[in-house]
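Subject: Structure for you to look over

Dear colleague,

Here is the structure I promised to pass on, with the sequence alongside. My notes on what turned up in it follow below.

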Amino acid sequence: MSTHPAPRARMTLGDLAAKKDAGEPIVMVTAYDHPGAQVAEVAGVDMVLVGDSAAMTVLGYDSTVSVTVDEMIMLTAAVRRGLSAPLLVGDLPFGSYEASDAVAVATAQRFVKEAGCDLVKLERGGTSVDRARAIVAAGIPVVGHVGLTPQTATALGGYRAQGRAADDALAVIDDALALQQAGCTLLVIEAVPAEVTAALVPLLDIPVIGIGAGADADGQVLVFHDLLGIYGGPAAKFVKRYADLRTAAIDGIRQYADEVRDRAYPAAEHTYAMAPGESARLQELLTQR
């Protein structure tokens, strides 16, 4: 397959709705930098999420709660510069939208103006429903997120599946319905039993993107570093690794280090040469000194 396919038309929100209506799965992937965005672009995905998972995958924090708005905007702007066709979703980090509608709208506006986002994402139901409604009223499309919400994982008992009991599953569904009512364009549902997703999708008019939520969602999203085997930490049950780039990178750098120490690199083909006669001329000049 060519690494430089023909340019695609830019995705629209209407395209997402049409895909849901036609039963055509929506493909979303995370990306956190310009090269990752270019890979996602050429691979032909529909949407790219600059998730706050960047806190752990690329910034080295212990959880998602530490990443700041400025850090997320910097990463999101880099991804924007690498994308053409896919829709771009920016993740509003913990503490950047919960306090009030005004704070939420101001943060969302920064993601649109400074990073070029097409949509912004926020987590949970509850007060987040009001924040989503305010952002939508300000003219910015919103992606909701229910189920396992990493920003509040501690309150949920850790990084564990949600909705295993019927009452808990109903709470997830109610949050999803409330977010749709608030005007969300899309919904991410994370780490819930497949039965919950199967029950939810027919109740919603908006597309549902699953991550660890079974095959009945309207689309799927995975973390770039997880699916390509770049991130060295433990992987969730729902992660399928389609490549092992971390091992390939370690092997490549180890070989480079060995060749440098053995003076096998750089070889002649990696080295520039002076124009004919200029080396001797340089020696003459040095001798004259």
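I begin with the lining of the second largest pocket, whose residues divide into 16 nonpolar and 4 polar, with no charged residue among them. Please keep in mind throughout that this is a predicted model. The space in this second largest pocket comes to about 410 Å³, and of the 20 residues that line the pocket, Met28, Val29, Leu222, Leu227 and Tyr242 lie nearest its centre. Several elements each supply at least two residues of that lining, namely strand 1 (26-30), helix 2 (34-43), strand 7 (208-211), strand 8 (219-222) and helix 9 (224-227).

Three of these elements also pair with one another. Strand 1 and strand 8 run parallel and are joined over 4 bridges, with Ile26 having Gly219 of strand 8 as its bridge partner. Strand 7 pairs with strand 8 as well, again in the parallel sense, over 2 bridges, and here Ile209 is the residue that stands opposite Gly219.

These pairings belong to a wider arrangement, in which 8 strands close into a barrel in the order 1-2-3-4-5-6-7-8, with parallel pairing. From one strand to the next the twist averages 25 degrees. Elsewhere in the barrel, strand 5 (residues 142-147) and strand 6 (residues 186-190) form a parallel pair over 5 bridges, in which Val188 of strand 6 is the bridge partner of His145. Helix 4 packs on the sheet, where it touches strand 2 (47-50) and strand 3 (87-91), and its direction makes about 155 degrees with that of strand 2.

Helix 4 has a helical neighbour too. Two packed helices are described by the angle between their axes and by the distance between those axes. For helix 4 (residues 69-80) and helix 5 (residues 101-115), the axes come within 9 Å and cross at roughly 35 degrees, and the crossing is right-handed. On the side of helix 4 the contact is made by Val69, Asp70, Met72, Ile73, Thr76, Ala77 and Arg80, and on the side of helix 5 by Thr107, Arg110, Phe111, Glu114 and Ala115. Unlike the pocket lining, which has no charged residue, this helix contact includes 4 charged residues along with 6 nonpolar and 2 polar ones.

Two points of backbone geometry may also be worth a look on your screen. Most residues other than glycine have a negative phi, and most peptide bonds are trans. Arg124, which sits in the loop between strand 4 (119-121) and helix 6 (127-137), has a positive phi, near 80 degrees, although it is not a glycine. The peptide bond that joins Tyr265 and Pro266 is cis, with omega at about 5 degrees, and Pro266 is placed in the loop between helix 10 (245-261) and helix 11 (278-288).

With best wishes

Conventions
Residues are numbered from 1 along each chain as its sequence is written. This is a predicted model: local features need pLDDT of at least 70, side-chain atom pairs count only at pLDDT 80 or more; totals for chains, interfaces and linings use all residues. Side-chain values use heavy atoms; hydrogens and water are left out. Axes are lines fitted to C-alpha atoms, for helices over the stretch in contact, and angles run from 0 to 180 degrees between N-to-C directions. A crossing is left-handed if the near helix is turned anticlockwise from the far one by less than a right angle, and right-handed if clockwise. Contact means heavy atoms within 4.5 Å. Ala, Val, Leu, Ile, Met, Phe, Trp, Tyr, Cys and Pro count as nonpolar, Asp, Glu, Lys and Arg as charged, and the others, Gly among them, as polar. Two strands pair if DSSP finds at least two bridges between them. On a 1 Å grid over the protein atoms alone, a cavity is a set of points where a 1.4 Å probe fits but cannot get out, and a pocket is an open set with protein on both sides within 12 Å along at least five of seven lines; lining residues have an atom within 4 Å of a point. Grid points are joined across faces, edges and corners, and a volume is the space filled by probe spheres set on the points.
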